[in-house]
Amino acid sequence: LTTSPSPVIGYVLFLSTISFYYANYYNNIKLKKNEIDSFEWSNDQHMIYADYTSQLMSNTLVVDCSHPTSPQLTHHLKGDKQRDAMDLTLRGDSSTDAVLNAIIRNHDVIKSHNKVTANHFDVDSYFSVWCAMNPKLAQSNDYLLRECARIGDFRELQLTNELQDKALRIVCWLNSEERRLFYKPFESAITVSDGELDCNQKFLYFLPLLKDILVNICDSDIYSLYENEYERVVSEYNYLHSNHLYTIYDNVSLVIV
């Protein structure tokens, strides 16, 4: 949702099939309903945001990336060391899935840390950090937040219910304001030791805003901030569907545009 090589097709690159979409959603939770309902967070804020460094960080949870020493909740699990630093039963398609799975389970990885960080700013890292900081609100907006991460990180888009549309609006707001106020994703210098050097300013600006955005994303004054991007995505989404410009392969969960 940040760049478009084609004025029509490039913006919506992937469409998930309905069967794959909902199968993944429930498989990622991997919990029985009575387990989901067994715990409810009572505090509004649990962790604070901390700057990322590859050096030793005390009492800090790392999300949406790997770290040499700190516990992690991420979908970036390429090596054995990364897998050893995470409870793999919490895995999901996105890092936001993993954080929400941990919140639902009242997992120690959430309870035992008072700081959270990520080494870059993008849609999935933003929602991962925010959820860890605000477990009660995250739990009450679980489906919506998972949808936001899925749209932003994988460009998977289904507009079959109101919450999916709301998630698209939130992602378009974040993308539009990120470009307007700061710079496009990953245009800052990135180092192994400190991650994306200028991402902290984005986290510090956007993290306090999401609580209000979740409620008021359709208000006219907020809509004006992301209207162009949102209307473009919806127009191209409808174009793809109305002209059947995609092929679905359910057996491998693949859509080719």
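This is a short talk about one protein chain, with most of the time spent on helix α9 and the helices packed against it.

Good morning, everyone, and thanks for coming. Please keep in mind throughout that we are looking at a predicted model.

Let me begin with the whole chain. It has 257 residues, and 49% of them are buried. The secondary structure comes to 12 helices and 8 strands. If we take the contacts with a separation of 6 or more, 67% of them join residues 24 or more positions apart. As for the outside, the accessible surface is about 12000 Å², with carbon and sulfur atoms holding 52% of that area.

Now to α9. A quick reminder before the numbers: a pair of packed helices is described by the angle between the two axes and by the distance between those axes. I will go through three partners in turn, starting with α12.

Helix α12 covers residues 220-242, and its axis lies 8 Å from that of α9, at an angle of about 115°. Since 65 to 115 degrees counts as roughly perpendicular, that is the description this pair gets. The crossing of α9 over α12 is right-handed. On the α9 side, the contact is made by Asp165, Leu168, Arg169, Cys172, Trp173, Asn175, Ser176, Glu177, Arg179 and Arg180, and on the α12 side by Ile222, Tyr223, Leu225, Tyr226, Glu229, Tyr230, Val233 and Val234. Sorted by class, we have 10 nonpolar residues, 6 charged ones and 2 polar ones.

Next comes α6, which is residues 123-133. Here the axes are 11 Å apart and the angle is about 110°, so α6 and α9 are again described as roughly perpendicular. From α6, the residues taking part are Val123, Tyr126 and Phe127, and they meet Ile170, Val171, Trp173, Leu174 and Asn175 of α9. What classes of residue do we find in this contact? There are 7 nonpolar residues, 1 polar residue and no charged ones.

The third partner is α10, residues 199-206, which packs against α9, residues 162-181. The angle is about 125° and the axes are 12 Å apart, so this pair is oblique. Once more, α9 passes its partner in a right-handed crossing. Lys202, Tyr205 and Phe206 of α10 meet Trp173, Leu174, Glu177, Glu178 and Leu181 of α9. This time the classes are 5 nonpolar and 3 charged residues, with no polar ones.

You may have noticed Trp173 coming up again and again. Trp173 is listed in the contact with α12, in the one with α6 and in the one with α10.

I would also like to stop at Ile170, a residue of helix α9. Is Ile170 buried or exposed? Its relative accessibility is 0%, so Ile170 counts as buried. Leaving aside residues up to four places away in sequence, Ile170 touches Phe127, Leu144, Cys148, Leu210, Ile213, Leu214 and Ile217. Val123 and Ile170 are 47 residues apart in sequence, and their C-alpha atoms are 10.0 Å apart.

Let me turn to the loops. Which backbone angle deserves a look at Arg155? Its phi is positive, about 60°, although Arg155 is not a glycine. This residue sits in the loop that links α8, residues 142-154, to α9. With 22% relative accessibility, Arg155 counts as partly exposed.

Asn106 is another non-glycine residue with a positive phi, in this case about 55°. You will find Asn106 in the loop between α4 (95-104) and α5 (108-111). Asn106 has 18% relative accessibility; the cut-off for buried is under 20%, so Asn106 is classed as buried.

My last stop is Val192, in the loop between β5 (190-191) and β6 (195-196). Here the relative accessibility is 78%, so Val192 counts as exposed. Even so, Val192 touches Tyr52 and Ser54, not counting residues up to four places away in sequence. Thr53 is 139 residues from Val192 in sequence, with 8.8 Å between their C-alpha atoms.

To recap the helix pairs: α9 is roughly perpendicular to α12, roughly perpendicular to α6 and oblique to α10. Thanks for listening, and I am happy to turn the model around on the screen for anyone who wants another look.

Conventions
Residues are numbered from 1 along each chain as its sequence is written. This is a predicted model: local features need pLDDT of at least 70, side-chain atom pairs count only at pLDDT 80 or more; totals for chains, interfaces and linings use all residues. Side-chain values use heavy atoms; hydrogens and water are left out. Axes are lines fitted to C-alpha atoms, for helices over the stretch in contact, and angles run from 0 to 180 degrees between N-to-C directions. Helices (H or I, at least four residues) and strands (E, at least two) are DSSP runs, numbered from the N terminus. Angles under 35 degrees count as roughly parallel, over 145 as roughly antiparallel, 65 to 115 as roughly perpendicular and the rest as oblique. A crossing is left-handed if the near helix is turned anticlockwise from the far one by less than a right angle, and right-handed if clockwise. Contact means heavy atoms within 4.5 Å. Ala, Val, Leu, Ile, Met, Phe, Trp, Tyr, Cys and Pro count as nonpolar, Asp, Glu, Lys and Arg as charged, and the others, Gly among them, as polar. Buried means under 20% relative accessible area, exposed over 50%, partly exposed in between (1.4 Å probe, protein chains only). Accessible areas come from the Shrake-Rupley method with a 1.4 Å probe; for residues, only the protein chains shown count as cover.
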